[in-house]
Structure formats: C-alpha cells, structure tokens
Amino acid sequence: MNQEKLQDLQDKARIVRIETLKSIGHLGVGHVGGAMSIVEVLTYLYYAEMHIDPKAPRMPERDRLVLSKGHAGPTLYSILALKGFFPMEWLLTLNQGGTKLPSHCDRNLTPGIDMTTGSLGQGLSAAIGIALATRLDKRGNHVYAIIGDGESQEGQVWEAAMSAAMFKVGNLIAFTDYNKMQIDGMTKDIMDIDALESKWLSFGWHVQRINGHDMQAIEDAVTRAKTVTDRPSMIVLDTIKGKGCTCAENLVGSHNMPISAEQLEEALTALGAEASAKGGN
Amino acid sequence: MAKDMRDVYAQTLVDLAENDDRICVLEADLMNATGTKVFKQRFPERMFDVGVAEANMVGVASGLSAEGKIPFAASFGTFASRRTFDQFFLSANYAQLNVKLVGTDPGITAQFNGGTHMPFEDIGMMRLVPNLVIIEPSDLVSCEALIRAAAAHQGSMYIRMHRKGSNTIYDENEQFELGKGKVLVDGTDVTLIAAGFVMVPEALKAAEILKKEGISAAVIDMHTIKPLDNELVLAYAKKTGAIVTCENHQVTGGLGGAVAELLTAEYPALLGRIGAQDMFGQVGTQDYLIKAYEMTAEDIAQKAMATISKK
Ligand SMILES: Cc1ncc(C[n+]2csc(CCOP(=O)(O)OP(=O)(O)O)c2C)c(N)n1
Ligand SMILES: [Mg+2]
C-alpha cells in the first residue's frame, strides 16, 4: 500500500484504540488486553478490505466476520460505531443494563455483528457454516474469523480445523491472535500451543505468520490468502497483549482489568487523543 | 478480613490436601478467577491447569478419580456445566467415579460477562444426572463446611459456588450435613426456600418485609438441592401451606422444579417460584439484574403475598 493509505490506516487504528479505551474506561473494567491486540487486523479488515455497508448491516453479499474471541467485542464495537453502523454514544453504554453492546459479541443486539460468541472455541465452527452457506448460495464474499491463542486450546477449534480443510472452504480466512497470553499466564507455561504454523499446515490449511500490528503485512497476507481458493487460510498474528495502552501493554494482568480515570487519561494522552477527537471518521 | 468466597474454597482445599494426598485441583485457565493459585503454590504437583479446555479437564479429573484421587475441577458455571456435560455425565458419573465439579459465578453474579457467561440452567442439567449431589453454599461458613463434606463424600458432586464477596449467615461452629436444609427463621404463614449467596440473604430480607405486613414467613437455606431434603420441605408445606422458592436460576429444573415435583407427588401445597422465568442471561450490574429478573427481597415478599392469597 502507498504511504498515504498506510498512514491513514495507522491513524484509524489509533482512533479505534482511543474509542475502545474510552468505552471500557467509562465502565471502569474490561478485557483491555485482548481488545488491544486485534486493533490492527480489525481496522484493516473493516476499513480496507471487507465489503460491508453500515446502512445495510445484513446485506446478503457482505463479507462476514466472526470474532470468536468474543470478549474483544469492544474493539469491534468502536469500529462499527466509527463506520456508522450505530451512534458513537452507544460506546459509552458498554456492559450497562439494557445496552446493545454486551461484553461478548451478540448478533441480535448489535448491528454489524455477524455471530454471537463468548464461549471460547465455538466461533470457528460457525464461520465454517457461514462459509459453506455462502458457497451453497453461490455468493462471492469472504468469511473472516479471529480466534485467540488461549482459545486454541479448546478441542473444538481442531475439530473445526479438520472440517474446514475437508470441506475445502476456500472462502474462509482465519486469524489467530497470538499474543502469547491467556488468563492464568503465558500460553507456553499454561498449555503450550506452539508450532502453531505446523499444526495448521498439517490440518490442511494454507498458513502464514506475520506481525499482527503491521498494516502492510496484514494487507499482503490477506491478499495472498484470497488467491488460495482450494483450502481455508490461517494467518497467525504475532501480537502484543494490551498493545498501545500504557497501563496494559504486555501484561498478563491486562486480560480483564480495572482501569482508573488516571490510567485512562494517561493512555489516551499517550495515544494523542485530543488531536483526534474531532476528525474521528 | 473481607475474604471472598473463592478464598475460602481455595484455602479449604489447601487445608484438606495437607492431610489427604488424594486431593487434586484442576482448572481451565480460570485459576486466577477461582483463587486456587494458593493451592498451586503449596501443592504444584497436584494442580493441573489444562488451559481453555473444560471437557478435557473433566475427562482428566475422571481418570484421576479412577485411580483413587479426589479431584476438584472448576470453571465458570456455564462452561463447567454446558461444555463438559457429556464428559461429566459419562466419564465421571455413569462410571461411578468421584469428581467434584465446581461451577462459579452462578446466575446474575456473572454481571459484566453477560448472557454467554450467566448460568441459569446448570442445576437443571445436573439434577438429571442420577445420584449426583448438588450443593450451593450461601455464606463463607457453609462454604467451608460443605467443601469439607464434599471431599468426604464418596461420589461425584456439582458445587455451585459464588466467587467474589463475602457474607455471614452462620456461626463459625455451625454444623452442616449434605441433604439437610437449614431453618434460618421459623414461621407459620409461608415458607421461603432459598439457595445460594444471593438468594438466601434476599429471602431473609423478604421475611422482614413480610413481618411488617403481619405475615410470619419461615426461611430455609436449601444448601443441598439434590438430594432435596424432602422431609423438611413436606414438614413446612404442612405447617405453612404455602411455599416460595428463591433461586438464582431458571424457576424450572432447579430448586423450584425440585420442590414442585415433590409437592405434586406428596403433599400438594401452594407454590410460588422466584428466579429467571424462561429467560436467557444478559449483561449488567448485579443490582440491575436482580431487578430485571424480579429476584429482589421485595419481589419475594410480593410473590409470598400473592401465593398466600390463594389459600
Ligand atoms: C469456553 C470458555 N471457557 C472459558 C472462558 C473464560 N475466558 C475468557 S477469555 C479467556 C482466555 C482466553 O485467552 P485468549 O484466547 O488467548 O484470549 P486473548 O489473549 O486474546 O484475550 C478465558 C479462559 C470462556 N469465555 N469460554
Ligand atoms: Mg491470548
């Protein structure tokens, strides 16, 4: 991508971080770590890749995304709000009684959410079903899925891995948010999932591994994945949990953390929040 | 001293393990939530954190039990029940082994984790497992006593455990027996049968409200939901003629369901049921949710009056 597009996407990612932190910070607690680690991939997909229309959130020919690590919903909510799927004010209702933005993604409550998730391990299977239906209906759209590295310890993920290859769902592009951390510690210390690339390869997938915070690398990987049509694609994202949030970056404790007004202020300042407050779209 | 219930759970397991090398603890990436890090520190070789893999956890626990160990395996109540049901049913229970499955964050206490994490059905599912013993402690004292009773009980159990926060209902030396409910307040007009950390205190408050209305309400802490204390329920059905069950769960399948089944078969009496009315969970504060699901002391008092009025 050219310098201008790169700059623009990086700036969008910065704004997404700001809005996500504001929404979690307003409540005072939330899944900061896993929300921050997928900011780049979601920003890239929604701003530069996916065929979507905020005015028609359920249009049949749209690209779909299943956020299987549903606890990172707030990042997706920020993007959907910024893109106009619903009013920005909704972001400040996160997790409050009666909200349309619950901690975990809910396809019935939130415009733009394609699948309900929150019980880890289930989203990839659903994404396969969506991809199969897409094929049956002879639509050309793509289906994206994002799973966590801790989530990858669920057996269902590997049942899904097998069936996606068997059914040759070439329109499915999945990402693993390999931030190396889960709730109880580092994944390598709790239940090592390493050799992820060879695992997915041996399950019959097309596999790439990239820096998950590098927009250019994400674009290149998605472009390449789209040329592979006889197999599902896995893009392993090397990421940093809590990335870009001063009080959370690279901390296991960032998984579901309280965030004080001072911490929020500090994080927003570091992200240059003032400057962006106006030109948020 | 403000301990959380989870600290009592974890510390009791450590205490038990000091004198019983069969005690093991299993977690599925929620050790930090369940509070069992203290167990890992004291007995690292007897703690198995399988990662985010609940079904595997219960399978491994079953194997440990087959060799005579006493495994306590925990997750959020939703995942402990729904994601492991077949493993727990078959490998643990049908095989007649001794697995203590712990489901935390019952009902509305899942709060900000929302509908995906809000178990309103776990007791109902578990009640269908033959011979399974199901408990739900209401305070820290009963929590410790019942965890000790669970370790001593030969056979699998489902332990529905509140995680954060503390309250005191019982004297430190109170004795508990599995399957024997506790009469906390005696009464003659209506009996409030409650279970758990949220609902037993609400029922006690409801009895106070009713007292001001001139209604004498008995309150029972039904810490063991299965086997139900039939004798006690029937005695109070006869004594008060009206019962209101109070649970942080669907009104079907759980405590309310168990009491309804018993009354219908043995001694038909008026029954009202407080709890989720065939609804999914949702996100919000506990304050918001207890009102949304009409489970407050006021709701209980209202239900009690409505039930009595049918006499
Ligand atoms: C089936 C299931 N078990 C447990 C949980 C509780 N839980 C929520 S997030 C999480 C850790 C997930 O780790 P990872 O997938 O690495 O997420 P990330 O680091 O991206 O936040 C756990 C155990 C859950 N949501 N679903
Ligand atoms: Mg992770």
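A residue is near a molecule if one of its heavy atoms lies within 4 Å of it. The model used here is predicted: local features need pLDDT of at least 70, side-chain atom pairs count only at pLDDT 80 or more, and totals for chains, interfaces and linings use all residues. Residues are numbered from 1 along each chain as its sequence is written, and side-chain values use heavy atoms, without hydrogens or water.

**Exercise 1.** Find where ligand 1 lies and what surrounds it.

*Solution.*
- Step 1: place the ligand. Ligand 1 lies between chains A and B.
- Step 2: list the neighbours. The shell has 24 residues, and the closest are A:K69, A:H71, A:D149, A:K241 and B:E54.
- Step 3: sort the shell by class. It holds 5 nonpolar, 10 polar and 9 charged residues. Asp, Glu, Lys and Arg count as charged.

**Exercise 2.** Find polar contacts of ligand 1, meaning pairs of N or O atoms within 3.5 Å.

*Solution.*
- Step 1: check the backbone. An N or O atom of A:G118 lies 2.8 Å from a nitrogen atom of the ligand. For A:M181, such a backbone atom is 3.0 Å from a ligand oxygen.
- Step 2: check a side chain. In B:H117, an N or O atom is 3.3 Å from a nitrogen atom of ligand 1.
- Step 3: check the cover. Alone, ligand 1 has 590 Å² of accessible area (Shrake-Rupley method, 1.4 Å probe). The protein covers 99% of this area.

**Exercise 3.** Which protein atoms hold the magnesium ion (ligand 2) as donors?

*Solution.*
- Step 1: apply the cut-off. Donors are N, O and S atoms within 2.8 Å of the metal (3.2 Å for Na, K and Ca).
- Step 2: name them. They are A:D149 (OD), A:N179 (OD1) and A:M181 (O), at 2.0 to 2.1 Å.
- Step 3: read the spacing. Along the chain it is D-x29-N-x1-M.

Terms used
Chains lettered and ligands numbered in written order. Polar contact = N/O pair within 3.5 Å; in protein donor to acceptor, adjacent residues only side chain to side chain.
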